[in-house]
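Reader: I would like a close look at one part of this molecule, the nonpolar core, together with the loops and contacts that surround the helices and strands feeding into it. Please take me through it residue by residue, with care.

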Amino acid sequence: MKPLLIFIALLSLFSINCTNIPSPKNAAEDVVRLFNERDYNNLWGYVSEDSRGKITVQLNDNKANPIGRNLISNAFSIPPESIDTLTTQGYFVAILNSVKTTEILNMKIENLEVKDELAYIYWTTNQDKGTLSMIFENGKWMFLLDSVAGHNE
């Protein structure tokens with residue numbers, strides 16, 4: 001009888017832990033909503049650690065290079081004197097606020113596949129479609145910036 005009670009207790013703990021795992025569907029809907037609303041400051045909360053690291057490296061490389069500094073200033077309408085104090089999040093927001101990202105607005109989720117700790121969001125707009133990948137890290141679903149680009153077909 002005692003092994004059965006232990007088994008039931010362990011099974012209960014396991015099922016409680018499983019129900020506390022955030023839904024990739026909810027995270028995907030939040031990410032797409034934030035893209036569509038152009039709420040890039042809050043979208044930053046869904047950027048994976050790996051993607052944040054890549055953005056930081058790119059920003060630091062551009063800060064150290066006069067050509068890069070000029071590129072940032074011109075492409076994202078950032079005054080040259082503000083580049084030294086530009087944060088990684090500020091850089092991320094400036095990039096997404098640029099005119100070049102308008103095609104990602106009005107995204108709709110067509111399908112969502114989950115494979116272990118990765119989720120794939122298949123999205124469409126009126127002109128484009130693509131896949132956005134998310135990874136489960138630190139107890140939360142986060143998106144990978146490398147996967148945002150769409151493709152016309």
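Author: What follows is a walk through the core and then through several loop and helix residues, all of it read from a predicted model.

The largest nonpolar core holds 32 residues, and those with the most contacts inside it are Val-31, Phe-35, Leu-43, Ile-72, Phe-92, Met-134 and Phe-143. Two or more residues are given to this core by each of α2, α3, α4 (49-64), α5, α6, β2, β3 (129-137) and β4 (140-143), and the largest share, six residues, comes from α2.

Phe-92 may serve as a way into this core, being one of the residues with the most contacts inside it. Once residues up to four places away in sequence are left out, Phe-92 touches Tyr-40, Leu-43, Trp-44, Val-47, Ile-55, Phe-143 and Leu-145. Two of these partners, Leu-43 and Phe-143, are themselves named among the residues with the most contacts inside the core.

From α2 the chain passes to Arg-38, which sits in the loop between α2 (24-36) and α3 (40-43). Arg-38 has a positive phi of about 55°, although it is not a glycine. Its relative accessibility is 27%, and therefore Arg-38 counts as partly exposed.

A second loop residue with a positive phi of about 55°, again not a glycine, is Ser-77, which is placed between α5 (66-76) and α6 (88-97). Here the relative accessibility is 65%, so Ser-77 counts as exposed.

Ser-73, by contrast, is found within helix α5, and because its relative accessible area is 12%, which falls under the 20% limit, Ser-73 is buried. A polar atom of the Ser-73 side chain lies 2.8 Å from the backbone oxygen of Ile-78. Apart from its neighbours within four places in sequence, Ser-73 is in contact with Ile-78, Pro-79, Pro-80 and Ile-83, so that Ile-78 appears both in this contact list and in the polar pair just described.

On the strand side, Glu-117 lies in the loop between β1 (108-115) and β2 (118-124). Glu-117 and Phe-136 are 19 residues apart in sequence, yet their C-alpha atoms are 5.1 Å apart in space. Leaving aside neighbours within four places in sequence, Glu-117 is in contact with Met-134, Ile-135, Phe-136 and Trp-141. One of these partners, Met-134, brings the account back to the core, since Met-134 is listed among the residues with the most contacts inside it.

Key:
Residues numbered from 1 in each chain as written. Predicted model: local features only at pLDDT ≥ 70, side-chain atom pairs only at ≥ 80, totals over all residues. Heavy atoms only, no water. Helix = DSSP H or I, 4+ residues; strand = E, 2+ residues; numbered from the N terminus. Buried < 20%, exposed > 50% of the residue type's maximum accessible area, 1.4 Å probe, protein only. Contact = heavy atoms within 4.5 Å. Core = buried A, V, L, I, M, F, W, Y, C linked by side-chain atoms within 4.5 Å. Polar contact = N/O pair within 3.5 Å; in protein donor to acceptor, adjacent residues only side chain to side chain.
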